[in-house]
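Work through these exercises with the structure open beside you. Try each task before reading its solution.

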Amino acid sequence: MPDRFTILVTGGAGYIGSHAVWALKDTGWPVAVIDNLTTGFRWAVPDDVPFYKGNVEDSTLIAKIAKKQNIGAIMHFAGSVVVPESVENPLKYYDNNTAKSRSLIESAVANGIKHFIFSSTAATYGIPEESPVTEDTAQVPINPYGMSKLMTEYMLRDVSAAHDLNFCALRYFNVAGADPGGRTGQSTAGATHLIKVAVEAALGKRDSVAIFGTDYDTPDGTGVRDYIHVSDLAAAHVHALEALVAEPERNHLLNCGYGRGFSVLEVLDAVDRVTNQKISRKLEGRRAGDPDSLISDNRAIMKRFPWQPQNADLDKIVAHALAWERKLGDIRIE
Ligand code: UFG
């Protein structure tokens, strides 16, 4: 059993970060959170977790937290995640996702923090030449969001070669769902992600769901994605942490998905099935930059970590997203 140092979770008040905080707590790892609450919520962080409102590029604050909380690893979720926004405002993405990560990595080195887990993305592959996508598939991002994350992968690679730090970059596919126990979920307003949008429609929070394109090169013509339950993704981070601690010389660059895809129509059918009603669908044209199909080859992560997904079921993902969406009705989003 390694020393139980504390894990600093950046963006721990956000969607994926708050699930990681619970996953760490559930497995007995001490955890602390830093979040500037731009898109996250203070209530998403459990009361007994030390919370710092601040910015990851604030090196004085990181040094203070590192010392006070005995930080031994960082899970870095803080960042910006909206692809179209990254096209309109690339400098925001190169600042939030690249420059601020650079500063945080520098703080890790300066404070003797030896392990770094980074939220990367399938968007680093752009429109992949092959499907399923392996970790060796060429990374050719087609938007600033993907590029801003890829640059951070490169920084981690170079820094780990020069300093006493190892890292794991997890390349997320389409993250959805919510904590099965209803402790946290996706709460930021103005969602654009399919499952969130669809459950909002099912609960009457919007009138209909747009289907962006029906002429893709897929079995039913709509886009195919590899939807992964956020709690399984959070569990993968705990395995990543334990692997980094167990083998300090080794880095990991791994896809995080289930290795199978569902089309937009299949997702909407699942929402209808789970809610026992029919949401209104509107056929629209393609959205710029959407690949036909994006499915992970997940053999590497399955082999590397003892990761056993617990929620690899589309109806379950939808049911948990729906339960959280219902609960959000009572929670004030401010
Ligand atoms: N879609 C619709 N209607 C909607 C929303 C989405 O038809 O209202 C379609 C999209 O065209 C796509 C699929 O549903 O075919 C999934 O779209 P999402 O917006 O839910 O997710 P993306 O695949 O576009 O992007 C997600 C994350 C990115 C990440 C990418 C990598 O949002 O951050 O996965 O896989 F980079």
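Two strands pair if DSSP finds at least two bridges between them. Helices (H or I, at least four residues) and strands (E, at least two) are DSSP runs, numbered from the N terminus. This is a predicted model, where local features need pLDDT of at least 70, side-chain atom pairs count only at pLDDT 80 or more, and totals for chains, interfaces and linings use all residues. Residues are numbered from 1 along each chain as its sequence is written, and side-chain values use heavy atoms, with hydrogens and water left out.

**Exercise 1. A three-stranded sheet**

Task: find the bridge partner of valine 224 in strand 12, then place strand 12 in its sheet.

Solution.
- Step 1. Strand 9 covers residues 224–225, and two bridges join it to strand 12. These two strands run antiparallel.
- Step 2. Valine 224 has serine 263 as its bridge partner in strand 12.
- Step 3. The sheet is open, with three strands in the order 12-9-14 and mixed pairing.
- Step 4. Strand 12 (262–263) and strand 14 (293–294) are the edge strands, since each pairs on one side only.

**Exercise 2. Parallel pairs**

Task: work out how strand 1 pairs with strand 2, and how strand 5 pairs with strand 6.

Solution.
- Step 1. Strand 1 (residues 6–10) runs parallel to strand 2, and four bridges join them. Isoleucine 7 has valine 31 as its bridge partner in strand 2.
- Step 2. Strand 5 (residues 115–121) also pairs with strand 6 in the parallel sense, over seven bridges. Opposite isoleucine 117 stands cysteine 168 of strand 6.
- Step 3. Now check the cover. Buried means under 20% relative accessible area, exposed over 50%, and partly exposed in between (1.4 Å probe, protein chains only).
- Step 4. In strand 2 (residues 31–35), five of five residues are buried. Val31, Val33 and Asp35 lie on one side, Ala32 and Ile34 on the other.
- Step 5. Strand 6 (residues 166–172) has seven of seven residues buried, so the rest of the structure largely encloses it. One side holds Asn166, Cys168, Leu170 and Tyr172; the other holds Phe167, Ala169 and Arg171.
- Step 6. The general rule fits here: in a regular strand the side chains alternate between the two faces of the sheet.

**Exercise 3. Two helices**

Task: compare the expected span of helix 7 with the distance between its end C-alpha atoms. Do likewise for helix 1.

Solution.
- Step 1. The expected span of a helix is 1.5 Å times one less than its number of residues.
- Step 2. Helix 7 (residues 230–246) has 17 residues, so it should span 24 Å; its end C-alpha atoms are 25 Å apart, which agrees.
- Step 3. Helix 1 (residues 15–26) has twelve residues, so it should span 16 Å; here the end C-alpha atoms are 17 Å apart, which agrees.
- Step 4. Both are mostly covered: 14 of 17 residues are buried in helix 7, and ten of twelve in helix 1.
- Step 5. Take histidine 19, found in helix 1. Histidine 19 counts as buried because its relative accessibility is 3%.
- Step 6. A polar atom of the histidine 19 side chain lies 3.0 Å from the backbone nitrogen of aspartate 179. A polar contact is a pair of N or O atoms within 3.5 Å; within protein, one must be able to donate a hydrogen and the other to accept it, and residues adjacent in sequence count only if both atoms are side-chain atoms.

**Exercise 4. The ligand**

Task: describe the shell around the ligand and its polar contacts.

Solution.
- Step 1. A residue is near a molecule or strand if one of its heavy atoms lies within 4 Å of it. The ligand has 19 residues around it, the closest being His193, Ala210, Arg225, Arg287 and Asp290.
- Step 2. Strand 8 (residues 209–212) gives the largest share of the shell, three residues.
- Step 3. An oxygen atom of the ligand is 2.8 Å from a polar backbone atom of leucine 194. A ligand nitrogen atom is 2.7 Å from a polar backbone atom of alanine 210. Arginine 287 places a polar side-chain atom 2.7 Å from a ligand oxygen atom.
- Step 4. Taken alone, the ligand exposes 690 Å², and the protein buries 91% of that. Accessible areas come from the Shrake-Rupley method with a 1.4 Å probe; for residues, only the protein chains shown count as cover.
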